[in-house]
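Please open the structure in your viewer and keep the selection panel at hand. The tour below goes from one selection to the next and says what is found at each stop.

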Amino acid sequence: MKIIDLRSDTVTKPTEEMRKAMYLAEVGDDGYGEDPTINLLEKKAAELLGKESALFVVSGTMGNQVALLSWTSRGDEVILEAESHMYYYEAGGMGGNAGVQPFLIQGEDGMMPIEKIEKAIRPQGRVFPKTSLIVLENTHNRAGGKVLPLDYMKEVYELSRKYNIPIHLDGARIFNASIYLKVPAKEIAKYADSVMFCLSKGLSCPMGSLLVGPSDFIEKARKNRQRLGGGLRQAGVVAACGVWALDNMIDRLEEDHRKAYNLYAFLRTIPIFDVKKPDTNILKVNIKNGYKASDLIKKFKDYGLLATSFDEKTLRFVTHKDVSFDDIEEAKNIIERVLNLLHF
Ligand code: TLP
């Protein structure tokens with residue numbers, strides 16, 4: 001049975017050309033700064049995002065955690081959106097690794113209200129934690145791949161300058177945001193002090209993320225990566241895939257957005273679903289009747305369609321390179337078949 005995998009863009013596999021680039025990669029020991037391909041990838045990443053320096057890390061989670069460790073001290077407080085990846089899906093790393101506490105603000109489409117951010121910033125004084133970081137996420141995963149608009153990012157940035165607090169951007173899918181906004185990624189990144197972006201999502205690399213920011217911050221981050229056991233050796237083998245992806249795989253993300261919109265146009269006609277119009281490649285589908293997401297996911301799987309959920313009332317479908325427009329048509333057929341079986 002053919003499987004249509006809409007669980008995540010993390011399931012994408014490298015193309016033949018990417019595999020060839022990996023095979024041919026020049027490598028060296030990154031512990032000595034001698035892997036030319038990693039050095040090239042870090043240089044390219046910094047340039048693309050308009051920052052001084054970059055650090056290759058094994059995953060998006062590691063990039064976020066290293067950023068946290070590099071901007072904060074134990075006992076500090078970090079302002080972030082209540083459903084942000086860093087809070088929701090990083091196995092408690094904020095407390096466990098950095099020893100910081102979150103100040104959570106519920107956002108709308110991933111955007112924390114500016115006045116609530118300002119109110120959350122702690123005054124100075126013996127009894128208060130220090131607010132040492134604001135975290136944004138663009139695109140915002142649990143908001144359904146929503147793009148934070150540039151004027152919103154600018155407002156948060158201006159507020160952060162007023163209080164002298166750095167901003168870390170979880171830009172796991174920053175290139176999806178840049179395609180949607182029709183601006184280079186550096187136009188988004190300029191409203192953050194550090195940015196993490198992933199090679200292993202829509203860009204289809206087997207692993208790897210980049211943390212970019214000022215040189216002194218990246219120097220600290222390199223040490224913190226070491227502390228987490230993320231020091232690399234001849235990882236130019238995987239960095240080569242990243243170099244290829246940054247040169248060749250960004251523009252094609254627009255196609256993933258069209259696939260998501262195509263599926264959205266179908267799902268919105270189904271009465272039991274309430275679907276958020278996607279900006280990018282993630283669909284957030286609320287189930288209006290009593291059906292549980294886990295039951296629907298099980299039924300879809302019987303017919304070869306894989307999906308995930310945000311919770312028991314909300315399905316998630318993610319489009320990517322390895323599902324074609326034909327696969328999207330087939331996914332629609334499967335959804336229709338399952339719902340007919342369940343008498344909708
Ligand atoms: N997201 C994964 C899961 O962890 C949920 C996915 O399938 O979407 N930031 C954001 C916004 C992310 O969506 C992810 C991965 C990460 C960070 C972490 O990246 P990895 O998986 O490389 O650690």
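Select the shell around the ligand and colour the residues by class: in this predicted model, they divide into 4 nonpolar, 7 polar and 5 charged. The shell counts 16 residues, and if you label the closest of them, you will mark Ser8, Gly60, Thr61, Asp170 and Arg173.

Next, show the side chains that place polar atoms by the ligand's oxygen atoms. Begin with Thr61, where an N or O atom of the side chain is 2.7 Å from an oxygen atom of the ligand, and then turn to Arg173, whose side chain has an N or O atom 2.8 Å from a ligand oxygen. Add Lys201, which has a polar side-chain atom 3.0 Å from an oxygen atom of the ligand. Taken alone, the ligand has 510 Å² of accessible area, of which the protein covers 83%.

Now switch to the cartoon view and select α3 (60–71) and β7, the elements that each give two or more residues to this shell; the largest share, 3 residues, comes from α3.

Keep β7 (194–198) in view and select helix α11, since the buried residues of α11 pack against β7 as well as against α1 (16–23), α2 (36–49), β2 (53–57) and α8 (174–181). Helix α11 runs over residues 236–248, and its 13 residues reach 18 Å from the first C-alpha to the last, close to the 18 Å expected at 1.5 Å a residue. To see which residues of α11 are buried, highlight Gly236, Val238, Ala239, Ala240, Cys241, Gly242, Val243, Ala245 and Leu246.

Conventions. Residues numbered from 1 in each chain as written. Predicted model: local features only at pLDDT ≥ 70, side-chain atom pairs only at ≥ 80, totals over all residues. Heavy atoms only, no water. Helix = DSSP H or I, 4+ residues; strand = E, 2+ residues; numbered from the N terminus. Expected span 1.5 Å × (residues − 1). Buried < 20%, exposed > 50% of the residue type's maximum accessible area, 1.4 Å probe, protein only. Contact = heavy atoms within 4.5 Å. Near = heavy atom within 4 Å. Polar contact = N/O pair within 3.5 Å; in protein donor to acceptor, adjacent residues only side chain to side chain. Areas by Shrake-Rupley, 256 points an atom, 1.4 Å probe, with all protein chains shown as cover. Nonpolar A, V, L, I, M, F, W, Y, C, P; charged D, E, K, R; others polar.
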